[in-house]
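Trainee: Could you take a close look at one part of this model, the open sheet, and then place it in the chain as a whole?

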Amino acid sequence: MAIASSKKILASAIVMGFALPMSNGYAIGVLQAYEAALVNDPTYRSAISENQAGQQNKVIGRSGLLPSLQYNFSASKNKGDTTAPNFRGIETTSPLDYTSTSNTISLRQTVFNLDTYARYTQGIAQTNYSNAQFDSRSQDLIIRLVSAYADAKYAEEQYNLYSAQRDSYAEQKRINDRLFDKGEGTITDKLETQAKLDVSETQVLEAADNVANTRTILGGIVGKEIMQLDGLLPDFRVSLLMPSSVAEWEEIAKKNNPEIIAGQYAIEISEQEIRKANAGHLPRVDFTANYNRGVSDSFTTRAQDNKIRSVGVQLVLPIYSGGYVNAVAAQAVANRDKARSDLDATTNRVTAELRKQFKIVTGSVAKIAALEKSVNSTTKLVEATKQSVKGGVRINLDVLNAQQQLVAAQRDLASARFTYLVSFLRLRFSAGVLSGQDLQTVAAYFQPST
């Protein structure tokens, strides 16, 4: 019992801690949250760094086609003895003590090397692949942000609805108590209301905990503690979707979806890997130029200062490498086939997600309109039921059920509105055309909370 009481006190503290910032805390709108996420979201920051690294692939690939220049210097102190016959044929030993130095400048320029050309083309494809991935993660930031924002705001809506329901049950309980004290009510009415009130208290506590959790998730994206969020406009109007055909959306996705584009570049990267592997059988030709200055750089040239300049062509003809080239080529072909299969899987997944979000968005017009009518009718039902109880036509339980039905309708309406906004962005994301303009469109559905 003590543990249960402690948990209830802790949950009550969460509720009180949540209720206070709701009215006095710093409010953050959708666009402000996005601006903060661009700076603070760790996943997006990671994507930026990854893309910066990916930009170097084309530079690395191009470097093999450009000349390489190298300078070498060496110096050594040499000591020893040399034994040789003199002019009389008698062997004599002479000490050696000299310093040798060598300065070399080497230039190498690729003339023919298919491996190098393949690396150059592959580097460009790798950079384009990195750009496509970054485009996907940039759009994903909008999805994650708005989803977290909608979840946090929907959690607040639930908390407010359950709080209002609890207060309504508490007021109904006071009425039941007064009627019972006057002899006009029944113990059944009191127990029914008390049971509903107890369940409602639990729902409020759970809703408060959900608010804290969803705010924590949103705060992790924007990099600051969330105290208050903008609410939806009372006049919520769903816009007609353009284009209106799912087939047109699929065509847009095939051309613009960054995941599909990245998959296409992955195939190109694997194709170049095959060319690199096959180049292991082919000759390589390089132009070389060298300048060397050596001072006593060997025993036979001690005390000599030599300057040698050379220009030439180097041919390397691979003959046999123990089966390495064939194995690498076979491996590259298998990886290319895998990349093609991965692209097919990505296309199927994107298409399925696009169709799903298209159905949600197009069906939201009728769904939201129906739920708005449901809220209006259940609101009238609650009032009519209360009047009927006074006239003796309905009973206390009918009022409680009507109030519960109203809260459920309001909750479902809020869920449908947030789902529409997120699905609209997800549809644009699946098509690969999600932009800041779409975020502004969604932000226009919100207004600062009072």
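Mentor: The sheet comes first, then the chain around it. This is a predicted model, in which local features need pLDDT of at least 70 and side-chain atom pairs count only at pLDDT 80 or more, while totals for chains, interfaces and linings use all residues. Residues are numbered from 1 along each chain as its sequence is written, and side-chain values use heavy atoms, with hydrogens and water left out.

Four strands form the open sheet, in the order β2-β3-β6-β7, and their pairing is antiparallel. Strands here are DSSP runs of E with at least two residues, helices are runs of H or I with at least four, and both are numbered from the N terminus; two strands pair if DSSP finds at least two bridges between them. At the edges lie β2 (68–85) and β7 (305–316), each of which pairs on one side only. From one strand to the next, the twist averages 20°, with axes fitted to C-alpha atoms and angles running from 0 to 180 degrees between N-to-C directions.

Between β2 and β3 (residues 91–112) there are 18 bridges in the antiparallel sense. Serine 68 has arginine 108, in β3, as its bridge partner.

The protein chain as a whole has eleven helices and eight strands. Its radius of gyration is 38 Å, well over the 22 Å that the globule rule gives for 450 residues, so the chain is more spread out than a compact globule. That radius is taken over C-alpha atoms, and the rule is 2.2 Å times the number of residues to the power 0.38. Along the principal axes, the C-alpha atoms fill a box of roughly 150 × 55 × 40 Å.
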